[in-house]
Amino acid sequence: MTTSSNSTPGGLGIDPVRCPKCNGEMVQGFIADFQGSKFCRVSNWVEGAPGKPTWFGTCVPAPPEKSLPIGTFRCSMCGFLESYARPDFAAK
C-alpha cells in the first residue's frame, strides 16, 4: 500500500489502489451499521474495551473524541476488505 495526499476522492491520503492479496482493484465504500429495520449509519471505531452487555447492547454512546468513522476498501476481484478509522470517512 502506498500513501499520497491526492490518492483517493477528497484527498484522504490513503491509496489502496491495488489489493495486497491478488492485485485486483480496490473500491472505496463503508460497512453499514443498521439501527433498527429502516436506518443505517457508518460504523465507528471506539477507543477502549466495550462495556458489559445489557438488554440494550454492549455500548453506550461514545464521546466524539473517542470515536472515528470507518471507511472500508473492497477488492473487486477477491473481496478482501481493508478498513481505516479516520474523521474523513464521516457521512457527508
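## A first look at the chain

The chain exposes about 6800 Å², and 60% of that comes from carbon and sulfur atoms. Keep in mind that this is a predicted model. Of the chain's 92 residues, 22% count as buried.

What about the fold? You'll find six strands and zero helices here, so reading from the N terminus the order of elements is simply β-β-β-β-β-β. Take the contacts between residues at least 6 apart in sequence: 42% of them join residues at least 24 apart.

Now for the cysteines. How many disulfides does a search of the whole structure find? It finds zero. Cysteine 19 is in no disulfide, and the nearest cysteine sulfur, that of cysteine 78, is 3.8 Å away. Cysteine 22 has its closest cysteine sulfur in cysteine 75, at 3.5 Å, which is too far for a bond because the two sulfur atoms of a disulfide have to be within 2.5 Å.

Next, asparagine 23. Its place is in the segment before β1 (26-29). Phi of asparagine 23 is near 70 degrees, a positive value, and the residue is not a glycine. Most residues other than glycine have a negative phi.

Are these three residues buried or exposed? Here is how they come out:

| Residue | Relative accessible area | Status |
|---|---|---|
| Cysteine 19 | 4% | buried |
| Cysteine 22 | 32% | partly exposed |
| Asparagine 23 | 47% | partly exposed |

Cysteine 19 counts as buried because its 4% is under the 20% cut-off. Asparagine 23, at 47%, is partly exposed because exposed would take over 50%.

Technical notes: Residues are numbered from 1 along each chain as its sequence is written. This is a predicted model: local features need pLDDT of at least 70, side-chain atom pairs count only at pLDDT 80 or more; totals for chains, interfaces and linings use all residues. Side-chain values use heavy atoms; hydrogens and water are left out. Buried means under 20% relative accessible area, exposed over 50%, partly exposed in between (1.4 Å probe, protein chains only). Helices (H or I, at least four residues) and strands (E, at least two) are DSSP runs, numbered from the N terminus. Contact means heavy atoms within 4.5 Å. Accessible areas come from the Shrake-Rupley method with a 1.4 Å probe; for residues, only the protein chains shown count as cover.
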